[in-house]
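The following exercises concern one helix and one chain interface. Each task is followed by a worked solution.

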Amino acid sequence: MSTTLTEIARQLDAIDIKYHLGANRIRLSFRTDLYEDADRDNSLGLTIWLEDDGETLRIQALNAYKLPKEQFAERLTAVQQTLNQLNWETKLAHYEMDTEDGEIRIVIDYVLEDGVPTDNQLKRLIYVLPHLADRDHAAWRAALDHGTTLLTRDELCRRFDDWMIARDKSLQ
Amino acid sequence: MAADPREKHEKEFKIRLKAAQNYRKEDKEELARAELIQALAYAEKHLGTNSEEVIEACLKLASLHASIQEPGEELRLLQRVLHIREAVGGVEGIVDSLQDLAFCHGSYGRTEEAEKLYRRAIGLCVESVQAHHAPLRLTLLYLGDFLIEQDRFAEAVEPLERGLRVCARSTSYPSTCGSRTACALGVALLRVDRTEEGEALLDQALPLVSHRSQPSSTPLRRALHIYANHLQRTDRFAKADLIYGEALYHFGNSNRAHPVNHAHLLQAAASNDVRLDRKDRAERRLQLGLRLLRDKVEPHHVRVLSLQQDLSNLFIPALRYADAEAILTEMVQATAHADFTDLRARERYLNNLGFVQVHLEEFPKAEANLRRALVTAGDDHGCYIIKNLGLMYQKMGYTTEAIREYEKALPLFVKEFGEAHTVAAFIRDALKELKA
């Protein structure tokens, strides 16, 4: 047994999440603490839809960010390294970039097959997206605005250790 | 083949611990306590009174008592663990217990006992013994954090510097402990005016300590808050913005962050937003701060009033007088509480409320509030209030009364703030216009 958008909407009612049900999509919006959309509002819009006859649930924050094409030459490497690093550190959801137009999305594809998500599963899937948007906003802005690459924690450790050992020597 | 009896008892013991853990997850503290007491008794009987299992059960029970604020029981259990570890021997275990006891005393405000225990733990470690490095550097960090928490920044420098020296002498550099120590030392140095050294340490340590993969902690949140404020104070608003962002992320993701501290941080971040000309975000942050405080503190709490004051300071220059009136009315109402004794603040709120009501042309309300403010006028003899009465009469078209109030206010402004004060200039212009 797969699910339907109407059934997902009923579950959203049950877990007290407000939404708009369209023909093929459910749209919802979350207040964020740090993430800002293109209009600089603390708000993340989500779209939910089903594919494969209701066997795949897709939840996406479309247009979460955008790298303008004219900045590709200068910043694409930093943006893609940031995307890669964040995906490496993230479970459940991931970031995707459309290199045709520079759109960056936060994406969850949840395979249902013949099952139906429980209310708690659905709630977790949805809330992970605004959480990620807040968590990673500074990293994205650094990459998109300044072309700054996100470093791995191991690299940060190496740099810190070297700096501290040099500091210690200078104090002796 | 019969199972090893100890293995069987260990298994049984773990089942009881697991049951207690599940009850705690469901906030069923009494049931969790009963399971832990059973687990402790079982470990004492079958695994030995000085066994690791007894220690584990005591620590879990102590943690439960800490969460339900039963310091006596918590202390008794932690002392028992210390006695076991002293009987067994081994510096690491004893130091660990002393840290737990010190933390417990500290969290209940018994700071002298806490400090003695930290120093006792440090005294047990020998710096030349490599095996003592881990417990020593950690205790030095905890002592430093403890001293910072009590605003004893100058005293925190020595143990934290020593902690960093121990880190540098360890066989491989302990990045986690080192970065936390560097972060604490950075904060202490900022506060003793060694800002260049403090900033350098914080710039190196914070990316590691506040990394997405790391849990939030009180010292981290405090360090981010203090550093961001320092950057704002020294006019580095863009960098302050990044650090406020980190701080807000960690506050938002901690269920231990106190709402008053969180609201305080939001207020500081909003002030930085204003400097960056992000008044939209400043307003959102101030509103969020107020929502966090609602139902947590009384409306006359100093932080609530301070956030509301900042909000009204955003609304008035933006000519959003109706929004300002709503906030200022709440503030004035809050000052009616018997515990509110700051007459100067009350006078300011009434004066501001009167001022916005003048602009909303709600003249009877404006006059009532301005005259209420005047009753308790302070050292400036109510010069702002009298000026606003003049403004009110001017807007009402009562020229004589307006001139009378402005002429009363002008010498007061000149006396208090000098001839060149902007409001004095405003009054002179208004008088010229009214007399023309």
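Contact here means heavy atoms within 4.5 Å. The model is predicted.

**Exercise 1.** Determine which helices cover the buried residues of helix 10 of chain B.

*Solution.* Step 1: locate the element; helix 10 of chain B comprises residues 195-209, 15 residues in total. Step 2: list its buried residues, which are G198(B), E199(B), L201(B), L202(B), A205(B), L206(B), L208(B) and V209(B). Step 3: identify the cover, which includes helix 8 (153-168), helix 9 (175-191) and helix 11 (218-233) of chain B, together with helix 4 (153-171) of chain A.

**Exercise 2.** Compare the span of helix 10 of chain B with the expected value, and locate its kink.

*Solution.* Step 1: from first C-alpha to last, helix 10 of chain B reaches 20 Å. Step 2: at 1.5 Å a residue, 21 Å is expected, and the span is close to that value. Step 3: the kink, of about 30°, lies at D203(B), shortly before the proline P207(B).

**Exercise 3.** Describe the interface of chain A and chain B, beginning with its extent and ending with the elements of chain A that supply it.

*Solution.* Step 1: 27 residues of chain A are in contact with 33 residues of chain B. Step 2: the buried area is about 2,500 Å², with carbon and sulfur atoms giving 57% of it. Step 3: the count of salt bridges between the chains is 7. One salt bridge joins R281(B) to E36(A), with the closest N and O atoms 3.6 Å apart. Step 4: on the side of chain A that touches chain B, helix 2 (72-89), helix 3 (119-146) and helix 4 of chain A each supply at least two residues. Helix 4 of chain A gives the largest share of that side, 12 residues.

Conventions
Residues are numbered from 1 along each chain as its sequence is written. Chains are lettered from A and ligands numbered from 1 in the order in which they are written. This is a predicted model: local features need pLDDT of at least 70, side-chain atom pairs count only at pLDDT 80 or more; totals for chains, interfaces and linings use all residues. Side-chain values use heavy atoms; hydrogens and water are left out. Helices (H or I, at least four residues) and strands (E, at least two) are DSSP runs, numbered from the N terminus. The expected span of a helix is 1.5 Å times one less than its number of residues. The bend at a residue is the angle between axes fitted to the seven residues ending there and the seven starting there. Buried means under 20% relative accessible area, exposed over 50%, partly exposed in between (1.4 Å probe, protein chains only). Buried area is the accessible area (1.4 Å probe) that two parts lose on being put together, summed over both. A salt bridge is a side-chain nitrogen of Lys or Arg within 4 Å of a carboxyl oxygen of Asp or Glu.
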